[in-house]
Amino acid sequence: MKVVIIGGTGLIGKQLGALLQQGGHAVVAAAPSTGVDTLTGEGLAQALQGAQVVVDVSNSPSFEPAAVLRFFETSTRNITQAAAAARVPHYVALSIVGVDLPPGNGYFHAKVAQERLIRASGLPYSIVRATQFHEFIGAIADSFTRDGVVHAPSAGIQTIASADVARALADTVVAAPINSWREIGGPQPQGIDALLREVLATKGDPREVRTDDHASYFGAPLQAGTLLPGPGAWIAPTTWQAWAAARAIAA
Ligand SMILES: NC(=O)c1ccc[n+]([C@@H]2O[C@H](COP(=O)([O-])OP(=O)(O)OC[C@H]3O[C@@H](n4cnc5c(N)ncnc54)[C@H](OP(=O)(O)O)[C@@H]3O)[C@@H](O)[C@H]2O)c1
């Protein structure tokens, strides 16, 4: 199968490409650095020629709300139009668990717009909604930090290793389109405050973590279960402790 990975040079895209190649598939890693720009459309039609699946795991270079909305709206319009023209029979995209719940989170708002455009495109599709990556925990801690103190809510989080996300996407690529979304999450639900306390202590990061249930998550208030996968989600095996230990050994 020919699979085009939009964002194929990124954290998820690289791992997904390697898994698909191991499975004998022809992979095109599409990104500005390989001559494909989904904002301008450059290189897109050529990359998608003869593809059986297009997977979008790209990300906006800026997380500023207006910029990220522009990124996902423009790129999704361009990819869906090019995929329709090339008659690509399966469109796979990576989204986020709970993305449609909290109003006020500009990044989530842009991902909802991305999902809406995919659904409206008429293309057969599968959306995989993942929880936050273990790799993203540091950024979450930083986002809650004020004057050296982490003010984090006790709302639940269930982080997942990016390698497990890539595995679930590889399985989705070789399956039939579901024309819906499915959820995937890590193995351990816990409070954001408790997770950050443990992770910072493990890393020897001296920041204190104070529980603050009014702290907003990238601009949005969280309910206890907003970021948690629902019943029927695929639960990935790798805990953040195992992931961190493997990174420490590799470093
Ligand atoms: N972080 C999380 O916890 C989390 C949770 C759930 C879902 N997700 C989703 O996971 C997806 C992938 O995230 P990631 O961390 O793997 O991203 P990443 O490492 O930042 O990679 C982004 C990719 O997008 C490409 N890209 C940027 N601008 C582009 C453009 N104009 N045209 C084509 N490609 C472009 C980049 O190409 P270059 O290398 O050329 O710059 C790179 O390959 C995102 O959509 C995100 O919403 C993330």
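1. Start with helix α4, residues 106-120. Helix α4 lies across β3, β4, β5 and β9, and its direction is at about 155 degrees to that of β4. Keep in mind while looking that this is a predicted model.

2. Now for the sheet under that helix. It is an open sheet of 7 strands, and reading across it you meet β2-β1-β3-β4-β5-β9-β12, with parallel pairing. At the edges are β2 (26-30) and β12 (234-235), each of which pairs on one side only.

3. For a look at one pair of strands, try β4 and β5. Strand β4 covers residues 91-96 and strand β5 covers residues 125-130. The two run parallel and are joined by 6 bridges. If you want a residue to click on, take Leu94: its bridge partner in β5 is Val128.

4. Helix α1 is another one to trace against this sheet. It spans residues 11-22 and lies across β1 (2-6), β2, β3 (53-56) and β4. Relative to β1, helix α1 runs at about 170 degrees.

5. Next, the ligand. Which residues come nearest to the ligand? Of the 28 residues around it, these are Thr9, Leu11, Ser58, Tyr107 and Phe133.

6. Some polar atoms around the ligand deserve a closer look. Ser33 has a polar side-chain atom 2.9 Å from an oxygen atom of the ligand. Asp37 offers an N or O atom of its side chain, 2.9 Å from a nitrogen atom of the ligand. With Asn59 the backbone is involved: one of its N or O atoms lies 3.1 Å from a ligand oxygen atom. As for cover, the ligand on its own has 950 Å² of accessible area, and the protein covers 82% of that.

7. Val68 is a good residue to select in helix α3, which runs over residues 65-85. Is Val68 buried or exposed? Its relative accessible area is 0%, and buried means under 20%, so Val68 is buried. Leaving out residues up to four places away in sequence, Val68 touches Ser60, Ser62, Phe63, Gly106, Tyr107 and Ala110. Tyr107 also turns up among the residues that come nearest to the ligand. For a sense of distance, His134 is 66 residues from Val68 in sequence, and their C-alpha atoms are 22 Å apart.

8. Ser162 sits in helix α6. With a relative accessibility of 1%, Ser162 counts as buried. The side chain of Ser162 makes a polar contact of 2.9 Å with the side chain of Gln15. Apart from neighbours within four places in sequence, Ser162 is in contact with Leu11, Ile12, Gln15 and Glu135. One of these, Leu11, is also among the residues nearest the ligand.

9. There is also an open sheet of 3 strands, in the order β6-β7-β11, and here the pairing is mixed. β6 (145-146) and β11 are its edges: each has a single partner strand, so one side of each has no neighbour in the sheet. Strand β7 (residues 149-152) runs antiparallel to β6, with 2 bridges between them. Arg146 has Val149 of β7 as its bridge partner.

10. Helix α7 goes with that sheet. Residues 192-203 make up this helix, which lies across β7 and β11 and runs at about 170 degrees to β11. Val199 is part of helix α7, and at 8% relative accessible area it is buried. Neighbours within four places in sequence aside, Val199 is in contact with Ile137 and Trp240. Val199 and Ala244 are 45 residues apart in sequence, with 9.1 Å between their C-alpha atoms.

11. Finally, two backbone angles to check. Most residues other than glycine have a negative phi. Asn179 is not a glycine, yet its phi is positive, near 50 degrees. You will find Asn179 in the loop between α6 (162-174) and β9. Its relative accessible area is 43%, so Asn179 is partly exposed. Phe218, likewise not a glycine, has a positive phi of about 45 degrees. The loop between β11 (208-211) and β12 holds Phe218. With a relative accessible area of 35%, Phe218 is partly exposed too.

Technical notes
Residues are numbered from 1 along each chain as its sequence is written. This is a predicted model: local features need pLDDT of at least 70, side-chain atom pairs count only at pLDDT 80 or more; totals for chains, interfaces and linings use all residues. Side-chain values use heavy atoms; hydrogens and water are left out. Two strands pair if DSSP finds at least two bridges between them. Helices (H or I, at least four residues) and strands (E, at least two) are DSSP runs, numbered from the N terminus. Contact means heavy atoms within 4.5 Å. Axes are lines fitted to C-alpha atoms, for helices over the stretch in contact, and angles run from 0 to 180 degrees between N-to-C directions. A residue is near a molecule or strand if one of its heavy atoms lies within 4 Å of it. A polar contact is a pair of N or O atoms within 3.5 Å; within protein, one must be able to donate a hydrogen and the other to accept it, and residues adjacent in sequence count only if both atoms are side-chain atoms. Accessible areas come from the Shrake-Rupley method with a 1.4 Å probe; for residues, only the protein chains shown count as cover. Buried means under 20% relative accessible area, exposed over 50%, partly exposed in between (1.4 Å probe, protein chains only).
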